[in-house]
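Work through the exercises below with the sequence and the model side by side. Try each task before reading its solution.

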Amino acid sequence: AKTITFRDPVKVAQQANPDREASYRMDGTTMIIRPKLNGRECDMIFDTGCSLIAFADRHMDECGLVLPP
């Protein structure tokens, strides 16, 4: 499986396990990653230009995320 590695620059400086990996696949020119959120894998579009992350209700359910009251 293909993987992409994300590095946390603060942890790199501290030398404290900075790497996190997620598998991915290509859908045309779109990279779909499968990170684990709350121990559950979910598909997300990898967009290097995004300034926020949006979840639909079904994605929140798939990832075990709950909006606070």
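A pocket, on a 1 Å grid over the protein atoms alone, is an open set of points where a 1.4 Å probe fits, with protein on both sides within 12 Å along at least five of seven lines, and its lining residues have an atom within 4 Å of a point. This is a predicted model, in which local features need pLDDT of at least 70 and side-chain atom pairs count only at pLDDT 80 or more, while totals for chains, interfaces and linings use all residues. Residues are numbered from 1 along each chain as its sequence is written, and side-chain values use heavy atoms, with hydrogens and water left out.

**Exercise 1. Describe the largest pocket and its lining.**

Begin with the space itself: the largest pocket holds about 370 Å³, where a volume is the space filled by probe spheres set on grid points that are joined across faces, edges and corners. Next, look at the lining, which consists of 17 residues, with M44, I45, F46, I53 and A54 lying nearest the centre. Then ask which element gives the most to this lining: it is strand 6 (residues 44-46), with three residues. Finally, sort the lining by type, which yields 13 nonpolar, two polar and two charged residues; here Ala, Val, Leu, Ile, Met, Phe, Trp, Tyr, Cys and Pro count as nonpolar, Asp, Glu, Lys and Arg as charged, and the others, Gly among them, as polar.

**Exercise 2. List the elements of the chain in order.**

Helices (H or I, at least four residues) and strands (E, at least two) are DSSP runs, numbered from the N terminus. Counting them gives two helices and six strands, and reading from the N terminus on, the order is β-α-β-β-β-β-β-α.

**Exercise 3. Explain why the count of disulfides comes to zero.**

Start from the rule that a disulfide is a pair of cysteine sulfur atoms within 2.5 Å. The cysteine sulfur closest to that of C42 belongs to C63, and because the two are 3.1 Å apart, they are too far from each other for a bond. By this rule the chain therefore has zero disulfides.

Now consider how covered these residues are, taking buried as under 20% relative accessible area, exposed as over 50%, and partly exposed as in between (1.4 Å probe, protein chains only). C42 counts as buried because its relative accessibility is 5%, and C63 is likewise buried, at 1%. For the whole chain, buried residues make up 16% of the 69 residues.

**Exercise 4. Place C42 and R34 in the chain and find what they touch.**

C42 sits in the loop between strand 5 (40-41) and strand 6. Contact means heavy atoms within 4.5 Å, and, not counting residues up to four places away in sequence, C42 touches I33, R34, P35, L37 and C63. R34 belongs to strand 3 (residues 30-34) and is partly exposed, with a relative accessible area of 29%. With the same sequence neighbours set aside, up to four places away, R34 touches A22, S23, E41, C42 and D43. Its C-alpha atom is 6.0 Å from that of Y24, ten residues apart in sequence.

**Exercise 5. Is L65 buried, partly exposed or exposed, and what does it touch?**

First locate L65 in the segment after helix 2 (57-63). Its relative accessibility is 28%, so L65 counts as partly exposed. Leaving aside neighbours within four places in sequence, L65 is in contact with N38, F55 and M60. The C-alpha atoms of L65 and F55, ten residues apart along the chain, are separated by 9.7 Å.
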